[in-house]
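Let's take a walk through this model together. Please have a look at the sequence and the fold below, and then we can go through the helices and the sheet.

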Amino acid sequence: ITARFTLLAGIKPGHYPLWGIVYLRWWLFDRLADTAPLHLLSGSPLYANYLRLMGAKVGKNTNLGSLRLRFPTFVTIADEVSIGTSVNFENTRVERNELIIGTITVGKSSYVGSYSVIEGNTSIGSHSYLSGLSSLQDGKSIPAEEYWEGAPCRRVKAYTPPVRSSEKPKFMQLLFEKFIYSVGALLVACMFFFPIFPTFILVDYLDG
């Protein structure tokens with residue numbers, strides 16, 4: 001998160017020379033972002049908070065499985081969006097000796113299927129559906145209330161989203177959920193060490 005504020009400050013969407021200072025800043029941020037154990041947050045309400053701190057604009061009541069954001073600052077995810085597992089937001093790429101940075105917008109109440117790839121300068125309209133294993137290529141837009149699939153994706157039919165519950169969670173309920181998920185993430189992280197420390201003790205005992 002600190003790297004995002006320091007390394008990506010002042011960079012705008014556009015084309016930049018390969019191996020230049022902007023490329024170096026983005027590359028270093030991208031490597032540092034990979035060190036975060038995001039699998040501990042995937043699918044939880046904490047994930048949206050993390051992405052907001054990384055610079056992405058994330059709305060309320062979103063259900064985020066796991067995403068790969070190459071340049072979080074230029075990603076906008078509206079309210080009530082559902083995103084599956086291992087979705088790649090590839091709004092940064094290298095092509096013809098240039099670093100190309102674009103924007104991605106996902107409209108309200110839309111769905112993005114698992115293992116999809118979304119390139120830069122793209123948008124998904126509100127109440128739309130992008131099927132899993134699909135790719136939305138650079139410069140393309142999905143209009144509102146349409147169902148698209150394929151690689152590259154194409155329109156299949158109109159889409160009518162399911163009726164959502166009008167009941168909104170209370171503040172204390174949201175606070176309690178985030179507390180439970182925080183404790184759960186810490187427990188999962190500690191489980192990795194449970195079988196290791198007794199092994200260390202045993203090895204130390206046998207060595208003596």
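A good place to begin in this predicted model is where two helices pack: α3, residues 45-53, and α4, residues 171-191, have axes 8 Å apart and cross at an angle of about 90°. Angles from 65 to 115 degrees count as roughly perpendicular, and that makes α3 roughly perpendicular to α4. If you zoom in on the contact, you will find P45, L46 and N49 on the α3 side, meeting K178, Y181 and S182 of α4. Sorted by class, the residues in this contact of α3 with α4 are 3 nonpolar, 2 polar and 1 charged.

Now turn to the sheet. It is open, has 6 strands with mixed pairing, and runs in the order β3-β6-β11-β14-β17-β18. At its edges stand β3 (63-64) and β18 (153-158); each has a single partner strand, so one side of each is left without a neighbour in the sheet. Within that order, β11 (residues 111-112) and β14 (residues 129-130) pair in the parallel sense, over 2 bridges. To find one of the bridge partners, start at V112 and look across to L130 in β14.

Finally, follow the chain to helix α5, residues 196-207. Does its length fit, or not, with what its 12 residues should span? At 1.5 Å a residue, α5 should span 16 Å, and its end C-alpha atoms are 16 Å apart, which agrees. How many of the 12 residues of α5 are buried? The count is 0, and α5 is hardly covered.

Terms used: Residues numbered from 1 in each chain as written. Predicted model: local features only at pLDDT ≥ 70, side-chain atom pairs only at ≥ 80, totals over all residues. Heavy atoms only, no water. Axes fitted to C-alpha atoms, helices over the stretch in contact; angles between N-to-C directions. Helix = DSSP H or I, 4+ residues; strand = E, 2+ residues; numbered from the N terminus. Parallel < 35°, antiparallel > 145°, perpendicular 65-115°, else oblique. Contact = heavy atoms within 4.5 Å. Nonpolar A, V, L, I, M, F, W, Y, C, P; charged D, E, K, R; others polar. Pairing = 2+ DSSP bridges. Expected span 1.5 Å × (residues − 1). Buried < 20%, exposed > 50% of the residue type's maximum accessible area, 1.4 Å probe, protein only.
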